Each structure stands twice: as C-alpha cells, then as structure tokens.
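Grab a coffee and load the model. Here are a few short exercises, each with a worked solution.

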Amino acid sequence: MKKLIYLFVSMLTVTSFCHSGYAEQVVTDGLVSYWTFDRQDIADNTVKDVWGKNDATIVGDPRVIAGRMKDALEFDGLDDYVNLTNLGDFGNQMGSATFEAWIKPSFKKGNMTLFRVIDADCMGWGLEFSVTMEPVTILDNVVIEDIIFSYTRYRTGKGSCRSTISAKSVRILDGKWHHIVYGYEPYVDAAGGERSRKMIHIDGRRYRFGKPLVSGAIFVPFTVPVYLGAKNNRGSAEDFFHGIIDEVRIYNRPLTYDEVRQNFEIGLDVEPVQKLPTVWGALKTRL
C-alpha cells in the first residue's frame, strides 16, 4: 500500500512539472540562493530564499506585479530595494561566482543599480546601468547609448585593496525583458597562474567584459548586506533601480554557456502555468 501511495504521489509530481510548460529545470549545481519574487514567497516584507538560507528583506514599497515568470517586483527608482543579507560566506567564493536575473528596466537618465555592495573590509561587487548620451535621432530612429558597469573590489596578496571597473555598451534600457547573467570564471594564464575574468550574458549572448582580475586576488565574506535594486555604499542606499526584477539567483561557480541557455530558455515561456521553485532531482531526495 505504501508503495502504491509513493507511486501515486510521484506521478502527480511529474504531471504537475510537465503541466508547468518547462522542458528543463533551473540549474541548481552551485546554486546559493534563489528569490522568485512570487507572491506566495513573500510575507509582509520578507522574501523567501526558496533554495538557500538567505531570506531577504524588502525596503520601501516595491509592488508585486506580473513578471517574466509568474510574479515579480516593480521598483520605483526612488527608494525601493531588497536587502539580500551579506549572503553568509559567499563573498570568499566571489572570484568564480554568478549573478542571474530577469529584468525589465524603465528608462532613467543617469545611473541606476541592479545590485551592489561596498563594505569597509575591502570587498565590493556590483552591476549598474547608465545612460551616457542624450537621445539623438538617426534616420528617424531615436538612439540612446546604454552602458553596463561592473564593479569589483578585493584584497591583493600584499594586503592592499584594489578595485576594477569594466564597462560595456549594450542596448538594455529599452523597456523590454532581458535575461542577464554576470560573474567571474577562473582560468590559467600563459604563465600557469590562476586568474579570474568577468563574463556577461544578455539574452543568451555572451560578451567579453573587462580585463582579468589581478593575479593573487583575495576574496573574503561581505561585512554588510548586498542590495538588490540599489547600491549599498557602506550602509547608504543610492542609485535606485527603476523597473521590474524577477527570478534572481546566485551561484558560487561560473555557469557554462549551455547552462546559461538552459535558464534563459526556461524564461522564454512567457505564460507558464506555474513557476518551478525546485528541481525534480532535489525533490526526489526529499520524498
């Protein structure tokens, strides 16, 4: 009888996953935290981390609205953000980490932040957007130059701090949904040294992004929280995000191109019946 009940539950689970419209599941190898921003995962001002232990805190009054995949948070660009905590010991894994989200920015002159943290202990990490030119008309088309800035701050072997800032011109502030994957990947240079370099994927396309980090870069845990939708400048929230953010995930390793495409293609299902907060492999271990 117990075997029949187990089989019945398993069949229902598989059916519900098939009914969701997803051919594949979200990559979970190396997944640290996953905030869906679904209404069911938000209680008062607390956002549940459906994978890890880093429940986040909403600051301001971002609205829960229809997102890329079920629900999402809409930020007003004035004082809304989400405190993701300091993510435990994640900071010391940052040299090979990945940040992923679906975003739908609204146009805003100047700078706005997707996520960023700067602490007093020589650590910093972030991704920002900037419109650096006034709109101009070329062949009856309005053209605006969008710039993505990445920011990294870390220790060196000599005990000093070093910052690296990289920039890329990519059309992203157009009021449309975009899948963005940003992080670092380790590699061995010509001299046999271990290095890290930045990588960014937008809508499944990979872009070269900045120079490699210096040899001997040392990463340590953050002493202050990472803010989503604002810059945490040593405790001061600045440069707020204006638009919608959905499906935020952080990994402690670089995603491969195929894995980026897998997560991207899941999000292309614009009207899924339900969002997949876990994967079948993980669920089987819990039954």
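**Exercise 1.** Find the bridge partner of Val131 in β13.

*Solution.* In β13, Val131 has Asp146 as its bridge partner. Now widen the view: β10 and β13 (residues 146-155) run antiparallel and pair over eight bridges. Strands here are DSSP E runs of at least two residues, helices are H or I runs of at least four, and both are numbered from the N terminus. Two strands count as paired once DSSP finds at least two bridges between them.

Before going on, note that this is a predicted model, where local features need pLDDT of at least 70, side-chain atom pairs need 80 or more, and totals for chains, interfaces and linings use all residues. Numbering starts from 1 along each chain as its sequence is written, and side-chain values use heavy atoms, without hydrogens or water.

**Exercise 2.** Work out which residue of β9 stands opposite Val131, and how β9 connects to β10.

*Solution.* Start with Val131: Gly110 stands opposite it. Next, β9 (residues 110-118) pairs with β10 in the antiparallel sense, over eight bridges. Finally, the two strands form a hairpin with five residues between them, and Cys122 in that turn has a positive phi of about 65°.

**Exercise 3.** Are the two faces of β10 covered or uncovered?

*Solution.* Take one side: Gly124, Gly126, Glu128 and Ser130 are all buried (under 20% relative accessible area with a 1.4 Å probe, protein chains only; exposed is over 50%, partly exposed in between). Flip over, and Trp125, Leu127, Phe129 and Val131 are buried too. That tallies with eight of eight buried residues in β10 (residues 124-131). Across the chain, buried residues make up 50% of the 287.
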